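New notebook page, new structure. I'm jotting down what I look up as I go.

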Amino acid sequence: MAYTFEESRKRFAIAQKTIPGGVNSGIRLMEKPVPLYFTHGKGSRIWDVDDNEYIDYQIGQGAILYGHAPDGMVEALCQQAAKGIHWAAQCDLELEVSQRLCRMVPSVKKVRFNNCATEAVAAAFRLARSYTGRSKILKFEGHYHGWLDEGLVGFAPSPDEWGPDDAPTNLHPSRGVIQEVLDRFVVARWNDPGHLRVRIEPFAGQIAAIIFEPVVCNTSCLEPVKGMMQAITELCRKHGIIMIADETITGFRFGTGGAQSALGIDPDLTIFGKAVGGGTPFAALAGKSHAFEPIAQGNTIHAGTLNANPLCLAASNWCLQYLESLGDKHPNEINNLGKTLMAGLSDLAHQWDIPLVPQGPGLTFHTTIFKSGQRETTPIRDYRDYIQRHDAPRWAHLRRCLLEEGVRAIERGLWFLSLAHTADDIQETLDRSKTAFRRHAETWSA
Ligand SMILES: Cc1ncc(COP(=O)(O)O)c(C=O)c1O
């Protein structure tokens, strides 16, 4: 019997009276048929106000790599809360967490803490500008770097506005943005090293930083093609550009050294968010000593009342300690579980003649449903390719069928495995998905 969502619907209607739009982050409106209200979560499961139980692959938009309410973290948080939540001052925990990060990630020699990755990105841009004396940032179409004016330039333009292939537009999806900010950005397409080399040439001496998601998780799940990371590294070194890896999602999900260790890259600055705080409002700007010189010298401001508060530090310390204790098991175990899930979903798609192909390493992956007439044999390569080939309305329909059977994927098509998911969870997910795929096949019409 498919789930219903009456209690969530009631609350969402009431919310309109006091919360503009009814949610506190715009993306939550993507959840259909209604943004859900949850009561509690444990491990891989989460329960809503209608008493529906979900096997959760949204997992706090990736932040809860450790599953919902892991016992050890709950204990660490309670112990710290009893001692103090916020001091706006120093404590031993910040030494411990910064030292752990330096030990775990080879490129990291210095760390500053923030409350979210959006802030850490803003700090990275300021630092890069201060260090190089230049004003422009190069970023890639389809890569997300937080919701502020600077982070969203060129993120997801519509096809009628995205400009020529060799010069993507630097539009912003929001109104109310400082227009001059857009002029400070050069936007390039992802996964085309030849294009990047040509795109950067006229601006090379003006570019302070290149920022990128090493594995793009905000548009499909795009692993870098051969030569992409080498091109970024080479251009940064050649032109004195600060290389910023935005590992908000990939950091720690891809292993203790982040995606940068897996890909063999050596960024000047790295953004860590989500899993570094395990669901608490916590992020880190980390990197090489030279890149932090402007802050160390005191001429470049980085601040925040709640930065490095002991409650978030206690959570982060638990998370990092836990990851270190897993050794080689992480990320191998979640990668293998994810691969099993991808294979099972592919089988179901085949059985019901749904043109769905999972793409990604396993620990995270995206389920693309190809538009009719589009080829399914080559992976999605970049943002334009994604928009042209992925059938977003059809995925939204299948995603709703999955939700109604208690399988919660991310609204935009991504799936995150957590360290709390087990082989039994994967089997149960596939059992529940059988009904969802059948219902989708029987009821979907373009
Ligand atoms: C790659 C990336 N960078 C930055 C951010 C912004 O993180 P936050 O929402 O914690 O500010 C996100 C959020 O999803 C992200 O995926």
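I began with what surrounds the ligand. By class, the shell residues come out as 5 nonpolar, 7 polar and 2 charged. Worth remembering for everything here: this is a predicted model.

Next I checked who sits nearest. Out of 14 residues around the ligand, the nearest are C116, A117, T118, G146 and T248. I also asked which element gives the largest share of that shell. Helix α4, residues 117-132, does, with 3 residues.

Then I stepped back to the domains. The chain is split into domain 1 (1-36), domain 2 (71-326) and domain 3, which is made of 331-356, 373-398 and 438-446. I looked up the spacing of domain 1 and domain 2 too: their C-alpha centres are 31 Å apart.

On to a helix pair. Packed helices get described by the angle and the distance between their axes, and I noted both. The axes of α3 (residues 92-104) and α10 (residues 310-326) come within 9 Å and cross at roughly 35°. The crossing of α3 and α10 is left-handed. On the α3 side I found L93, E94, E96, V97, R100 and M104, meeting P310, L313, A314, S316, N317, L320 and E324 of α10. That contact has 7 nonpolar, 2 polar and 4 charged residues.

Last stop, G251, in the loop between β8 (242-247) and α8 (258-263). Is G251 buried or exposed? Buried, because 31 other C-beta atoms lie within 10 Å of it, and 20 would be enough to count. Beyond its neighbours within four places in sequence, G251 touches G258, F272, A275 and V276. I also looked at S433, 182 residues from G251 along the chain; their C-alpha atoms are 29 Å apart.

Notes
Residues are numbered from 1 along each chain as its sequence is written. This is a predicted model: local features need pLDDT of at least 70, side-chain atom pairs count only at pLDDT 80 or more; totals for chains, interfaces and linings use all residues. A residue is near a molecule or strand if its C-beta atom, placed from the backbone, lies within 6 Å of it. Helices (H or I, at least four residues) and strands (E, at least two) are DSSP runs, numbered from the N terminus. Ala, Val, Leu, Ile, Met, Phe, Trp, Tyr, Cys and Pro count as nonpolar, Asp, Glu, Lys and Arg as charged, and the others, Gly among them, as polar. Domain bounds come from an automatic or database domain assignment. Axes are lines fitted to C-alpha atoms, for helices over the stretch in contact, and angles run from 0 to 180 degrees between N-to-C directions. A crossing is left-handed if the near helix is turned anticlockwise from the far one by less than a right angle, and right-handed if clockwise. Two residues are in contact if their C-beta atoms, placed from the backbone, lie within 7 Å. A residue is buried if 20 or more other C-beta atoms lie within 10 Å of its own, exposed if 12 or fewer, and partly exposed in between; C-beta atoms are placed from the backbone.
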